[in-house]
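Work through the following exercises with the coordinates open, and compare each step with the solution beneath it.

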2 protein chains.
Amino acid sequence: MNAISDEIKEDYNFISDSLVDIYDQIMRIEESEIKKSRFKDITAKELHLVHTIGLHDHKTTSEVARILRLSKGTLTANLNNLERKGYISRIINQRDRRIINLALTSKGRLLYRAHYAFHRKLVEQCLKGFDGSDIKKMKQALMNVEDFIGEVSGR
Amino acid sequence: MNAISDEIKEDYNFISDSLVDIYDQIMRIEESEIKKSRFKDITAKELHLVHTIGLHDHKTTSEVARILRLSKGTLTANLNNLERKGYISRIINQRDRRIINLALTSKGRLLYRAHYAFHRKLVEQCLKGFDGSDIKKMKQALMNVEDFIGEVSGR
DNA sequence: CCATATTAGTTTGAATATCAAACTATTCTG
DNA sequence: CAGAATAGTTTGATATTCAAACTAATATGG
């Protein structure tokens, strides 16, 4: 156990401990930022759902439920709220009228873009002063995590 | 708008999009991994609480509630469950008998260590092939995020 | 000292979120 | 075309959360 490996070990612990709490804090900040804007009636969970529908435009209810790992019943309840508040719309698929495709309304798209901009600001702050090769490393780290997730969850 | 800044922009978008979903997946995996072990009666939220109590040994109920941003009532309910399942114990502070200090039981410590090991495995996988200076960069990125969180939430 | 204020944690009651299973409407299939 | 399969909703039960009322213990200051 030499000095270098001890230092790396310590770095690993620092990174591990940091990661645990950061996400919770980000969720909380996202919600509180959004509540300062014109979108005061949106919770962090609803924001997450709006983000997912914006990212995966016109997907079906079942597909979105699978992506978010929510039961269909739970998603129906959430969609009712977001539809009532004017952020999403249900579009009956005319080829197969059992299917409902989900889309953002223009209000929903405004929220989506505001949220996306916040995320971008966070990433920019995070990578402040990093050069191209540093950024490549960050991408690599994220891809490694995705691989790990894929392996553990059996793909 | 030259080629390099376009590429960086794309990298930023990649990183931003990746981050959104990774945490949810990690939470889910943590819960499913823990359910494969001897700790089948633990949810992701309870795991988070055990982690916090393990990290901040013998803190008071109010302090833990503040750390996790839970109301005291909610924390009481969660503590009841974890105490019943044998993961934590409430220790009445003899200097001030209003105060309850929270600690892990030996079963709780086993769970804490298993969970911590999983996190370490994740970080190791994430930083696979990285050298000392790369790891420093990762630490810097995390500290930048923490700064950003601090600024936005007004410290 | 003691009456009052303060503090730590619990209980309570209401609101919300979630799930699985039953159900409805529609489409597919043999 | 009858029955199976599929997409989404409804329903009933359970769990989570919060704020406010409450209990017990300690601090304060007259």
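**Exercise 1.** How do the residues of the surface near DNA strand C divide into nonpolar, polar and charged?

*Solution.* The model is predicted, with local features needing pLDDT of at least 70 and side-chain atom pairs counting only at pLDDT 80 or more, while totals for chains, interfaces and linings use all residues. Residues are numbered from 1 along each chain as its sequence is written, chains are lettered from A and ligands numbered from 1 in the order in which they are written, and side-chain values use heavy atoms, leaving out hydrogens and water.
Take as near any residue with a heavy atom within 4 Å of the strand; the surface then divides into three nonpolar, nine polar (the class that includes Gly) and eight charged residues (Asp, Glu, Lys and Arg).

**Exercise 2.** Identify which polar contacts (pairs of N or O atoms within 3.5 Å) reach DNA strand C, and which part of the strand each one meets.

*Solution.* Begin with the bases: a polar side-chain atom of B:Lys72 lies 2.6 Å from a base nitrogen, and one of A:Arg98 lies 3.4 Å from a base oxygen. Turn next to the backbone of the strand, where a phosphate oxygen lies 2.8 Å from a backbone N or O atom of B:Ile100. Finally, consider the strand's atoms within 4 Å of the protein, of which 74% belong to sugar or phosphate and the rest to bases.

**Exercise 3.** Determine where the buried residues (under 20% relative accessible area, 1.4 Å probe, protein chains only) of helix H3 of chain A lie.

*Solution.* List them: A:Thr61, A:Val64, A:Ala65 and A:Leu68 are buried in this helix, residues 61-68. Seen down the axis of H3(A), they fall within an arc of 105°, so they line one face of the helix.

Notes:
Polar contact = N/O pair within 3.5 Å; in protein donor to acceptor, adjacent residues only side chain to side chain. Buried < 20%, exposed > 50% of the residue type's maximum accessible area, 1.4 Å probe, protein only. Helix = DSSP H or I, 4+ residues; strand = E, 2+ residues; numbered from the N terminus. Arc of directions from axis to C-beta.
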